[in-house]
Amino acid sequence: MAHIVVDDSENLEKAIKRFKRLVEKEGIIREFKKREYYEKPSTIKNRKNKTLQRKLMKKNRKTVSSGSKNAY
């Protein structure tokens, strides 16, 4: 739970910015959006597998392309 203490002498805009940073750091909004709708466990698993495959493909492309540059 995000909680900040605002002093009487502190500017309200600064306190709001501090609160926004804290909420973003804790990932509260991201978590809310993720849980906004029910998602089947199989859908979650498929999404994670797709992102993993994408990352691996990107990593392979980088290693292959950098390896070919050194061969010349």
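Reader: How does the radius of gyration of the protein chain stand beside that of a compact globule of 72 residues?

Author: Happy to start there. A compact globule of 72 residues would have a radius of gyration near 11 Å, whereas this protein chain has 22 Å. Keep in mind that we are reading a predicted model. The box tells you about the outline too: taken along the principal axes, the C-alpha atoms fill roughly 65 × 40 × 15 Å.

Reader: Which secondary structure elements does the protein chain have, and how many of each?

Author: There are 3 helices and 0 strands. Along the sequence, that reads as the pattern α-α-α. Helix H1 covers residues 12-26, helix H2 covers residues 28-34, and helix H3 covers residues 41-71.

Reader: What share of the 72 residues is buried?

Author: Buried residues account for 6% of the chain. As for the accessible surface, it comes to about 7,400 Å², and carbon and sulfur atoms hold 57% of that area.

Reader: Let us take single residues, then. Is alanine 15 buried or exposed?

Author: Alanine 15 counts as buried because its relative accessible area is 3%, under the 20% cut-off. This alanine sits in helix H1. For a sense of its surroundings, look at valine 5: the two residues are 10 apart along the chain, and their C-alpha atoms are separated by 8.3 Å.

Reader: And lysine 20, is it buried or exposed?

Author: Lysine 20 has a relative accessibility of 57%, so it counts as exposed; the cut-off for that class is over 50%. Like alanine 15, which has its place in helix H1, lysine 20 is found in helix H1. Its C-alpha atom lies 16 Å from that of lysine 33, a residue 13 positions away along the chain.

Reader: Which residues form the positive surface patch?

Author: Lys14, Lys17, Lys20 and Arg21 form it. You have just met one of them: Lys20, with its 57% relative accessibility, is exposed.

Reader: How do the charges sit over the whole chain, and how far apart are the mean positions of the positive and negative ones?

Author: The protein chain carries 22 positive and 9 negative charges, and the mean positions of the two sets are 18 Å apart.

Reader: How should I think about pairs of opposite charge, and how many salt bridges does a search of the whole structure find?

Author: The general idea is friendly enough: side chains of opposite charge can pair when their charged atoms come close. In this structure, the search finds 4 salt bridges.

Reader: Where does glutamate 31 meet lysine 34, and at what distance are the closest N and O atoms?

Author: Glutamate 31 and lysine 34 form a salt bridge whose closest N and O atoms are 3.7 Å apart. Both residues lie in helix H2, 3 residues apart, which is about one turn of the helix. Glutamate 31 is partly exposed, with a relative accessible area of 30%, while lysine 34 is exposed at 52%.

Reader: What links Glu31, Lys34 and Arg35?

Author: A network of salt bridges links them. Besides the bridge to lysine 34, the side chain of glutamate 31 meets that of arginine 35 in a salt bridge, at 2.3 Å from N to O. Arginine 35 is exposed, with a relative accessible area of 63%.

Reader: Which residue pairs with arginine 47 in a salt bridge?

Author: Glutamate 39 does: the side chains meet at 2.9 Å, N to O. For arginine 47 the relative accessibility is 38%, so this residue counts as partly exposed. Glutamate 39 has 26%, and therefore counts as partly exposed as well.

Reader: One last residue. Where is asparagine 49, and how far is its C-alpha atom from that of glutamate 36?

Author: Asparagine 49 has its place in helix H3. The C-alpha atoms of asparagine 49 and glutamate 36 are separated by 22 Å, with their positions 13 residues apart along the chain counted as the sequence separation. With a relative accessible area of 39%, asparagine 49 is partly exposed.

How values were computed:
Residues numbered from 1 in each chain as written. Predicted model: local features only at pLDDT ≥ 70, side-chain atom pairs only at ≥ 80, totals over all residues. Heavy atoms only, no water. Patch = residues over 30% accessible without salt bridge, like charges linked within 9 Å, V, L, I, M, F, W, Y side chains within 5 Å. Areas by Shrake-Rupley, 256 points an atom, 1.4 Å probe, with all protein chains shown as cover. Lys, Arg positive; Asp, Glu negative; His and termini not counted. Charge placed at Lys NZ, Arg CZ, Asp CG, Glu CD. Helix = DSSP H or I, 4+ residues; strand = E, 2+ residues; numbered from the N terminus. Buried < 20%, exposed > 50% of the residue type's maximum accessible area, 1.4 Å probe, protein only. Rg over C-alpha atoms; globule rule 2.2 N^0.38 Å.
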